[in-house]
Amino acid sequence: MRVVSGIKPTGNLHLGNYLGAIKQWVGMQADVEAAGGESMYFIADLHALTEWSEPAAITDSTFEVSAAMIASGIDPARSILFNQARVPAHSELAWLLNNVARVGWLNRMTQFKDKAGKNREGASVGLYDYPVLMAADVLLYRATHVPVGEDQKQHLELARDIAAKFNLDYKTDLLLEPEPLISKAAPRIMSLRDATQKMSKSNPSDAARINLVDDDDAIAQKFRKAKTDPEPMGESWESLKDRPEAKNLVTIFAALADRTPEDVVADYAGQGFGSFKPALADLAVAKLGPIRDEMVRLIADKGAVDAELRKGAERAANLAAPLLRDVQQAMGLRIG
Ligand code: TYM
């Protein structure tokens with residue numbers, strides 16, 4: 001069992017990243033160890049380059065994401081924690097896989113269409129090629145499982161297609177098709193202002209998301225002001241099916257509390273959101289406050305965090321080297 005996943009260091013790390021990805025990773029750490037496998041979590045700094053950011057913002061965000069992972073419970077002694085740029089094998093394998101992936105496959109990627117918008121001609125080549133680098137990230141380590149939020153599912157299906165085509169073209173079984181593990185508790189946390197949009201790092205409205213560095217007052221305020229319809233809670237989870245705002249808040253509550261949404265609805269059945277929202281705010285402050293405090297402490301100690309990333313990168317590079325070499329040889333390249 002080898003679990004691999006990453007987070008792009010851009011914008012504001014938020015509750016969706018925590019519930020959809022990081023919390024799941026922390027929960028898996030012990031199982032992976034018990035199975036004698038490895039957990040590998042990285043900061044996808046090369047992916048951050050696909051849309052313009054100030055270089056200093058990428059550096060800062062790299063520390064923020066690393067701090068969030070460690071503060072949430074990813075232990076660098078138990079998981080391999082590193083930043084992608086320190087392991088050049090990611091870029092090298094991506095180039096090789098560029099020759100396996102088809103233009104038609106990339107043209108179907110919804111994230112590219114969303115991010116490029118109307119200005120496709122002006123999008124970077126990196127943005128277009130993003131999913132191939134992402135495939136390299138996981139195929140490089142023969143990952144068995146890739147825990148992510150739902151928005152990454154299409155990219156992982158592409159990684160599987162690339163692996164299958166490579167194996168077929170080069171008559172080998174070097175690349176392993178990884179299983180996406182989509183978070184059950186929080187596959188898609190939505191914006192607090194508009195439940196038809198996912199909570200995202202780049203939404204210009206800060207009130208739409210809970211940032212992992214928000215202070216207690218900001219967390220509480222944002223939940224109190226979260227958009228809801230005027231109806232009370234309802235009697236069952238099923239009864240919320242056409243009420244996206246209510247569903248989103250219940251999903252967040254349940255994921256933070258490690259309870260089922262059915263249980264949470266039963267507790268608040270018939271009550272107004274005027275009482276549910278403060279309870280959610282208190283819960284979020286209790287769960288996220290200590291993580292934020294530890295993040296702030298770690299962000300102030302960049303030297304220590306960077307030392308962990310460097311150590312993790314060395315371990316990752318050692319795991320990556322044999323596969324990269326085998327792939328190069330399978331493709332007829334003379335190396336070494
Ligand atoms: P990124 O940085 O956008 O998001 C990191 C993780 O958070 C999840 N996520 C969410 N989950 C639930 N609700 C939301 N609103 C929400 N928003 C984000 C994402 O699904 C993801 O799991 N391309 C990736 C980074 C990456 C990667 C990889 C992931 C690069 N290489 C290889 C896995 C394997 C990304 O931009 O995630």
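Around the ligand in this predicted model there are 23 residues, and those that come nearest are Gly16, Gly20, Ala21, Val148 and Gly149. The shell that these residues belong to draws on several helices and strands, with α1 giving the largest share, four residues. Two further topics follow below, a motif listed in UniProt and the setting of Ala313.

**The shell around the ligand**
- At least two residues of the shell come from each of four elements, namely the strands β1 (2–7) and β4 (145–148) and the helices α1 (15–34) and α7 (125–139).
- Sorted by class, the residues of the shell are ten nonpolar, eight polar and five charged.

**The listed motif**
- An unreviewed UniProt entry lists residues 9–17 under "short sequence motif: 'HIGH' region".
- Across residues 9–17 the chain is 33% helix and 0% strand, and the C-alpha atoms at the two ends are 11 Å apart.

**Ala313 and its surroundings**
- Ala313 has its place in helix α13, which covers residues 302–330.
- Ala313 counts as buried because it has 21 C-beta neighbours inside 10 Å, where 20 or more are needed for a residue to be called buried.
- When neighbours within four places in sequence are left aside, Ala313 is in contact with Phe82, Asn83, Arg86 and Val87.
- Between Ala313 and Leu156, which are 157 residues apart along the chain, the separation of the C-alpha atoms is 23 Å.

Conventions: Residues numbered from 1 in each chain as written. Predicted model: local features only at pLDDT ≥ 70, side-chain atom pairs only at ≥ 80, totals over all residues. UniProt positions renumbered as here; feature names shortened; annotations may be inferred. Near = placed C-beta within 6 Å. Nonpolar A, V, L, I, M, F, W, Y, C, P; charged D, E, K, R; others polar. Buried ≥ 20, exposed ≤ 12 C-beta atoms within 10 Å, placed from the backbone. Contact = placed C-beta atoms within 7 Å.
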